[in-house]
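Here is a short report on one protein model. Look at the sequence and the 3D view first, then read on.

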Amino acid sequence: RGSGGSVNFEVTYDLRDDAVFIVDFIPTCLDGLDTLAPVRFAWSRVDPFVEALPIAEELAGDWVLTSGGHEGMPDGSTMAISRGAGGRSLVFMIREPGMPDGAVGAIMGIEQIWFDADTGILHDRFISVDGSVMTAEPTIEHPGDGVSPVVSSRWTMDEAGMSVTSRMWVDGDDLHVAFTDHLMNGEATPDPPAMLWKRR
């Protein structure tokens with residue numbers, strides 16, 4: 001307040017959008033000034049999980065396995081992917097194919113990818129209904145402009161002496177999972193077929 005070029009502002013803080021923080025400075029009384037335009041500042045919220053896993057938002061949703069299934073996860077299996085509480089993880093709920101009467105299939109496995117903010121490392125764990133556990137530390141490959149990032153994981157299952165490398169990427173409404181370097185008790189075996197999941 002005062003004279004000779006002072007101005008009063010109304011200041012608003014808008015936090016209604018979780019992703020953006022907006023502050024508006026709106027002149028309400030000009031003293032000695034002809035005009036002064038409102039000023040807006042906007043900050044976008046940084047999502048460390050998306051920075052670590054750039055396809056997190058693309059993965060979220062409901063999927064059905066259309067090809068590449070096997071005995072433990074046949075074609076027609078479904079997968080629901082959503083953010084975990086706190087937003088630092090993705091949870092994959094994998095179910096057997098639905099029943100003819102429309103009933104939801106039973107759970108076959110649960111996978112979780114989470115971000116450790118202290119180390120900056122992604123972790124992945126898959127648990128099947130028989131209690132088998134596979135773990136990995138995913139890394140991100142960036143093939144180039146306009147191409148979806150690829151999540152590359154080296155899975156290990158110590159009890160069975162098994163390891164396999166998977167590469168996962170999203171292309172529109174298609175989720176691809178390809179496997180290489182499949183080892184069982186230290187010996188190479190045929191790689192599992194590539195999986196194609198379609199968004200429902």
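Strand 13 and strand 14 form a hairpin with two residues between the strands, and Asn 185 there takes a positive phi near 55°. Strands here are DSSP runs of E, at least two residues long, numbered from the N terminus. Strand 14 covers residues 187-188. Met 184 stands opposite Glu 187 in strand 14.

This is a predicted model: local features need pLDDT of at least 70, side-chain atom pairs count only at pLDDT 80 or more, and totals for chains, interfaces and linings use all residues. Residues are numbered from 1 along each chain as its sequence is written, and side-chain values use heavy atoms, with hydrogens and water left out.

**Partners of strand 13**

Two strands pair if DSSP finds at least two bridges between them. The table lists the pairings of strand 13.

| Partner | Direction | Bridges | Opposite residues |
|---|---|---|---|
| Strand 12 | antiparallel | nine bridges | Thr 165 and Thr 180 |
| Strand 14 | antiparallel | two bridges | Met 184 and Glu 187 |
| Strand 15 | antiparallel | four bridges | Leu 175 and Trp 197 |

Strand 12 and strand 13 also form a hairpin, with two residues between them. Gly 172 sits in that turn and has a positive phi of about 65°.

**The largest pocket**

What is the volume of the largest pocket? It is about 770 Å³. A pocket is an open set of points on a 1 Å grid over the protein atoms alone, where a 1.4 Å probe fits, with protein on both sides within 12 Å along at least five of seven lines; lining residues have an atom within 4 Å of a point. The volume is the space filled by probe spheres set on the points, which are joined across faces, edges and corners.

The pocket is lined by 32 residues, and the closest to its centre are His 70, Met 73, Phe 126, Met 134 and Phe 179. Strands that each supply at least two lining residues include strand 12 (162-171), strand 13 (174-184) and strand 15 (195-199).

**His 70**

Where does His 70 lie? His 70 is in the loop between strand 4 (61-67) and strand 5 (78-83). His 70 has a relative accessible area of 37%, so it is partly exposed (buried is under 20%, exposed over 50%, partly exposed in between, with a 1.4 Å probe and protein chains only). The side chain of His 70 reaches the backbone nitrogen of Gly 72 at 3.1 Å. Ala 117 is 47 residues from His 70 in sequence, and the two C-alpha atoms are 35 Å apart in space.

Terms used. A polar contact is a pair of N or O atoms within 3.5 Å; within protein, one must be able to donate a hydrogen and the other to accept it, and residues adjacent in sequence count only if both atoms are side-chain atoms.
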